[in-house]
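The exercises below are meant to be worked with the sequence and the three-dimensional view open side by side. Try each task before reading the solution that follows it.

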Amino acid sequence: MTGRTYGTRLPGMPTDPLPGRLIVVEGADGSGRSTEVTALKEWLEIEGHAVVDTGLRRSDLVSTEIDRAKEGHTLGAATMALLYAVDFADQLENKIVPSPAAGATVLADRYVYTLMARAIARGSSRAWARELYAFALRPDLVVFLDARSEILLHRAISKYGYLDFWESGMDLCLSRDLFESFFLYQDRLSREFEWMGREYHFHRVDANRAPEQVHVDVQRLVAPLYGATVPSTPSGRKPPESVSGARRRAASS
Amino acid sequence: MPETPSPNHGFPGRLLVFEGLDGSGKSTQAALLGKWLAAQGYRVFFTEWNSSELVANVIRRGKKKGLLTPTTFSLLHATDFADRFERKILPPLRAGYLVVCDRYAHTAFVRDAARGCDPGWVRTIYSFAPRPDRAFYFRVPVSITLRRKLASRLKISYYEAGMDLGLSDDVVESYQKFQGRLKREYDRIAATDRFTIIDSTRTVEEIQGDLRASLRPLLENFPTGADMMHDG
């Protein structure tokens, strides 16, 4: 890992290259992200790599404030975006940067991209969001688990039994109808992930498939970071379908 | 009476900003000016950059754990400012008020720069905040602000003294050094941010007289409250 950010120097950050790695798994709720992160961590540890996992809104600095703000629904777009940025910066400096510095792999269950997509969907400009998070450490690999809205919907309902207010973007007042709002909001998010995919070199993985198939593809993307070409502990049985194979080649070229 | 939009932000209100070091006399002057404007019948909204409960709580928590860095400190204050801007400054500005700000985004520009944050990054973060119609910079030597501070017997706070930067173990010495950095930053951005520089070593009355005189052109044809509340 180079230890470089997306442009803004972090005061007090080590300038030496960091020996560890930063791997990001991005994707909407229901894309199978958390399942994949768990599987990936397990596999990397079996392979002998130290792994620190991190996600969004896990720092205790402002999580209370974020919860409170969500209860009240009163914060403006810029305020909400900045509150999430404080939380991310806190995790970045206290958890993400120190771990690769100590040689570990940081496995991030979502990263700045989700925060940027949410902020932009709520009215921030792309340029502002990109610059706001320019202090983020540049990952060694960003895996984007791409799944259709219909599939996300079914997974969300089967998991929670209902549609979440925030994941449906109800605070945006796109529609009073929760079901319709979910689709409109997911469309907005995927539009943002679309340009970010090009801008930040996402490696797309077809996440409409079963978790085992997704995992095989992710392993193929991750293995080269450790100097391996194929995973030595394969866990998927079925080879990926040809359609997704084509997609994968297109994404990684 | 028609309300002409400001060329800076396009809203009918006007944004008047008071900037300068702690103890530069800007708060006294801003309060006096607000009184005078209101007495003339203008609709005035006065706001100061006091840390909100949100920020105060987080800073207390962060300090206890030693977690706050220049970056989180900067973003935390930006959050606080955004909240104040979106909820308190913007509505009266759109409604056509004279909005008087005791400290504005420039306070963040100088503080964050003094803490080593990338100035370009900080500027972009605050780009949701429009350029003021008038920004007064109360310029005063650090030695005078320190004398005022010590005479007031108010305790110098940890962050006010920039103790987090490790400039000195002595609070007074750290305060002098840190405030010196802030002053250099204010001086550096004075021209580009089109500050009206106020020599703050003069008497309160002299300064207030200057402020009022310098605002007369801006207030010409600006509607008073009565103009807006009812016709004729």
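**Exercise 1.** In this predicted model, find which residues have the most contacts inside the largest nonpolar core, and which helix gives the most to this core.

*Solution.* Begin with the core itself, which has 124 residues. Those with the most contacts inside it are Leu82(A), Ala85(A), Val86(A), Met116(A) and Tyr133(A) from chain A, together with Val99(B) and Cys101(B) from chain B. Next, turn to the helices: helix H3 of chain A, residues 77-96, gives the most to this core, with 12 residues. Finally, take Val86(A) and leave aside residues up to four places away in sequence; Val86(A) then touches Leu61(A) and Val62(A), as well as Thr72(B), Leu75(B), Leu76(B) and Thr79(B).

**Exercise 2.** Describe the side of chain B that touches chain A, by helix and by residue class.

*Solution.* The contact takes 26 residues from chain B and 25 residues from chain A. On the chain B side, at least two residues each are supplied by helix H2 (53-65), helix H3 (70-95) and helix H5 (119-125). H3(B) gives the most to this side, with 11 residues. Sorted by class, the side of chain B that touches chain A has 12 nonpolar, eight polar and six charged residues.

**Exercise 3.** Work out the order of the strands in the open sheet of chain B, and then examine how S3(B) is placed.

*Solution.* The five strands of this open sheet follow the order S2-S3-S1-S4-S5, with parallel pairing. Its edge strands are S2 (44-48) and S5 (195-199) of chain B, each of which pairs on one side only, and neighbouring strands are turned by 20 degrees against each other on average, direction ignored.

For S3(B), consider its partners: S1 (residues 14-20) and S3 (residues 98-102) of chain B pair in the parallel sense over five bridges, and S2(B) and S3(B) likewise pair in the parallel sense over five bridges. Val100(B) can serve as a landmark, since Leu16(B) stands opposite Val100(B), while Phe46(B) has Val100(B) as its bridge partner.

In a regular strand the side chains alternate between the two faces of the sheet. In S3(B), Leu98(B), Val100(B) and Asp102(B) point one way and Val99(B) and Cys101(B) the other, and all are buried. Because five of the five residues of S3(B) are buried, the strand is largely enclosed by the rest of the structure. Helix H1 (residues 26-39) of chain B lies across S1, S2, S3 and S4 of chain B, running at about 165 degrees to S3(B).

Note on methods. Residues numbered from 1 in each chain as written. Chains lettered and ligands numbered in written order. Predicted model: local features only at pLDDT ≥ 70, side-chain atom pairs only at ≥ 80, totals over all residues. Contact = placed C-beta atoms within 7 Å. Helix = DSSP H or I, 4+ residues; strand = E, 2+ residues; numbered from the N terminus. Nonpolar A, V, L, I, M, F, W, Y, C, P; charged D, E, K, R; others polar. Core = buried A, V, L, I, M, F, W, Y, C linked by C-beta atoms within 7 Å. Buried ≥ 20, exposed ≤ 12 C-beta atoms within 10 Å, placed from the backbone. Pairing = 2+ DSSP bridges. Axes fitted to C-alpha atoms, helices over the stretch in contact; angles between N-to-C directions.
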